[in-house]
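User: Could you walk me through how some labels on this structure follow from the numbers? I'd like to see the reasoning behind each one.

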Amino acid sequence: GLERGPKNQFSTFSNFITTINQKKEDIGNRNSPTQLVIPSIKNVRDLPPICLDVRQKQRVSIDMLPQELKAPVPPEPSLPIRNKTVKDFQDDVEKAKSSGDWKALHDFYSTTFDSFLEINAAFKKDTNSLFNTIEDSGIDAKFVNVVYDALLNTPQDVQKSVLKGIINGLLQEWKGPRTKDDLRAYCILLQNPQFSNTSTYVIYAHLLRQIAALTEADHHFLVHWSKKISQKRFKQLVDRLLQFISLRLFPAKPEEFPPMVKCTWWIPSATKVLALFNAANSLISPPIISYTDFYNSTLDHIDLMEEYHNWQCYGNSHRFSFCQYPFIISIEAKKVIIQRDSEQQMISIARQSLVDKVSRRQKPDMNMLFLNVKVRRTHLVSDSLDELARKRADLKKKLKVTFLGEAGLDMGGLTKEWFLLLIRQIFHPDYGMFTYHKDSHCHWFSSFKCDNYSEFRLVGALMGLAVYNSITLDIRFPPSCYKKLLSPPIVPCDHNTLVGICNVTLDDLFQVMPELAHGLSELLSYEGNVEEDFYSTFQVVFQEEFGVIKSYNLKPNGDKIPVTNQNRKEYVQLYVDFLLNKSIYKQFAAFYYGFHSVCASYALLLLRPEEVEILVCGSPELDMSALQRSTQYEGYQKTDLTIRYFWDVVLGFSLDLQKKLLHFATGSDRVPVGGMADLNFKISKSETSTTWLPVAHTCFNQLCLPPYKNKKELKQKLIIGISNAEGFGLE
């Protein structure tokens with residue numbers, strides 16, 4: 001981005017900084033602070049260490065403070081008068097480009113970035129206003145963007161004058177708390193595009209360190225101000241911070257940076273600042289950018305288990321670990337952590353079983369190292385329930401399934417078949433445990449009361465076993481289910497503590513019962529008299545399964561409290577909470593304890609609800625070209641005419657047909673966390689007549705394809721097969 005003039009113009013940037021004059025002429029009537037040399041870490045004054053408080057042993061991002069903070073606010077110093085407008089600046093840029101005389105712009109940039117006061121004088125919307133609220137930063141964002149967009153196209157002396165001024169501001173002697181003008185200056189400096197160049201990283205690191213070391217109250221303002229930044233600029237800021245972390249971890253040219261031992265604070269400072277942007281992103285619905293945009297795939301290549309163990313051992317002490325900031329760790333990396341943590345728990349439990357056996361002078365049996373589930377196909381649910389209840393102590397061992405009366409060794413296929421058949425039976429409408437909502441295409445817990453909730457515990461344990469054993473399930477739960485599953489992420493020691501209760505909104509209800517949610521939304525926006533026109537009270541009447549109708553008071557004496565224009569928001573919130581929390585509490589609590597009986601691990605603290613869903617069900621994003629590259633063949637070569645026909649047809653399918661094909665061949669239309677390659681998809685040659693339809697073995701992700709003579713016949717047979725295969729073609 002700084003390429004203008006000769007290449008590598010910043011290769012000697014350190015030398016440039018060391019030659020900055022120790023004193024500068026007064027600008028206005030104000031002396032600027034003394035300059036110091038930045039690149040030599042020895043010569044830089046020590047700044048306060050950052051505080052690693054982003055994540056406690058619970059799901060916490062950044063603690064949000066009250067709207068108005070009652071801390072003493074230092075007086076804002078008077079600002080110099082600067083009257084340049086966006087139009088004036090753009091005119092100056094055009095004149096400089098046409099005439100080649102950049103003096104006016106050089107003066108503007110060197111003056112504007114010389115100090116925090118000058119930055120505010122230039123970019124504050126109104127220098128006479130305080131702008132001391134979280135709602136308005138007072139920054140003229142348009143002017144900031146125009147100035148920065150023009151900066152990279154100016155001569156090098158202009159760009160160097162900006163960096164020189166930033167150094168000036170960062171080395172100012174700070175006395176007492178920071179003012180809101182200081183916070184504004186930090187917010188503006190963070191957006192400087194020059195910091196994308198590695199030559200400026202020493203300065204960038206010190207800027208990040210100062211921001212990371214601000215008080216929690218100051219961070220509160222920066223978080224709320226950041227959420228007002230445009231999506232494009234916000235994404236650039238996040239990408240710049242991620243790039244800074246990546247290049248410090250794995251520098252292309254190590255000689256460009258100070259030795260790692262002298263700048264161990266670089267990565268913690270950048271990560272802490274990134275956490276502020278993540279907090280800002282989480283405050284808005286929908287978020288400014290996707291949560292996946294905060295992933296840093298470079299971390300996939302570091303020792304993740306060392307990071308995890310440091311985090312477990314040291315918690316939130318001053319020893320840094322990326323696990324304190326889980327938003328930066330990709331879902332692929334988190335899966336690795338969870339799998340290895342699961343493997344270590346499996347090995348530990350198996351070893352303990354072996355030691356116990358030997359200590360009692362009993363002959364060891366290899367079966368004791370596994371969770372052996374033996375079931376009859378005709379009594380699948382009851383047998384599975386009995387086995388998991390009886391072998392609760394073995395749930396963290398490697399799973400092996402046996403179907404009684406059948407020959408077969410479980411190498412993974414029987415385990416997958418057990419999951420598929422069990423899930424299919426439990427979620428069948430006739431079974432009554434779950435209700436399928438056609439509008440949202442998802443299942444939700446039946447509110448029908450029963451004497452025994454052990455089967456809900458079984459479903460939770462199944463989900464836990466699937467995550468623990470890296471099996472993808474074909475389950476359709478709404479996102480709020482996974483939010484409840486992490487409420488809290490660690491099972492509380494006090495059994496009287498409520499579990500599976502989370503803050504739910506009308507948006508959550510839209511994902512389960514969209515028609516009802518739409519009706520409640522209409523109630524909130526109704527412009528007439530709600531009490532007279534709707535004639536509703538704080539009592540709801542709902543029909544449970546099997547025709548049992550009951551009523552429920554949303555608050556004490558709710559049947560006598562009318563819903564009015566004034567209290568309708570409370571009514572809607574209580575109704576949503578009743579539907580998604582209270583009416584199914586016992587069912588979901590059993591489900592919660594079942595899941596955590598297998599997956600009890602601090603690794604769950606690293607996960608967002610969306611990530612739990614991906615671990616359980618896989619990702620909905622399909623990449624059939626990636627599937628083509630990773631497919632294995634048996635009886636065919638990838639160059640065979642039938643295979644070429646097959647991929648021509650599949651790649652031309654609509655998304656709906658591609659999902660049907662994936663569901664037909666693997667039992668699920670979703671992709672494992674590791675992508676299509678993790679499916680181990682295989683196409684085998686079927687030595688049957690070409691009049692036959694394709695056959696799938698979902699246990700092994702295998703498609704048996706007859707050698708059809710032409711593309712038209714193959715497409716016709718394939719569409720018939722995948723569109724009319726209800727359930728799973730298991731043999």
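User: Which phi does Gly-100 take just after helix 2?

Analyst: Happy to help! This is a predicted model, and in it Gly-100, just after helix 2, takes a positive phi of about 80°.

User: How do you know that the span of helix 2 agrees with its number of residues?

Analyst: Helix 2 covers residues 86-99, which is 14 residues, and at 1.5 Å a residue they should span 20 Å. The end C-alpha atoms are 20 Å apart, so the two values agree.

User: What is buried in helix 2, and what puts those residues on the same side?

Analyst: The buried ones are Val-86, Phe-89, Asp-92, Val-93 and Ala-96. They cover an arc of only 125° around the axis, and therefore lie on the same side of helix 2. An α-helix has 3.6 residues a turn, so residues three or four places apart point the same way. Among what covers these buried residues are helix 3 (103-112) and helix 5 (141-151). On the other side, Lys-87, Lys-95, Ser-98 and Ser-99 are exposed.

User: Why is Cys-502 called buried, and why does Cys-313 count as exposed?

Analyst: Buried means under 20% relative accessible area; Cys-502 has 9%, so it counts as buried. Exposed means over 50%; Cys-313 has 62%, so that label fits there.

User: How many disulfides does the structure hold?

Analyst: Zero. Take Cys-502: the nearest cysteine sulfur, that of Cys-481, is 9.7 Å away. A disulfide needs the sulfur atoms within 2.5 Å, and Cys-502 is in no disulfide.

Notes
Residues numbered from 1 in each chain as written. Predicted model: local features only at pLDDT ≥ 70, side-chain atom pairs only at ≥ 80, totals over all residues. Heavy atoms only, no water. Helix = DSSP H or I, 4+ residues; strand = E, 2+ residues; numbered from the N terminus. Expected span 1.5 Å × (residues − 1). Buried < 20%, exposed > 50% of the residue type's maximum accessible area, 1.4 Å probe, protein only. Arc of directions from axis to C-beta. Contact = heavy atoms within 4.5 Å.
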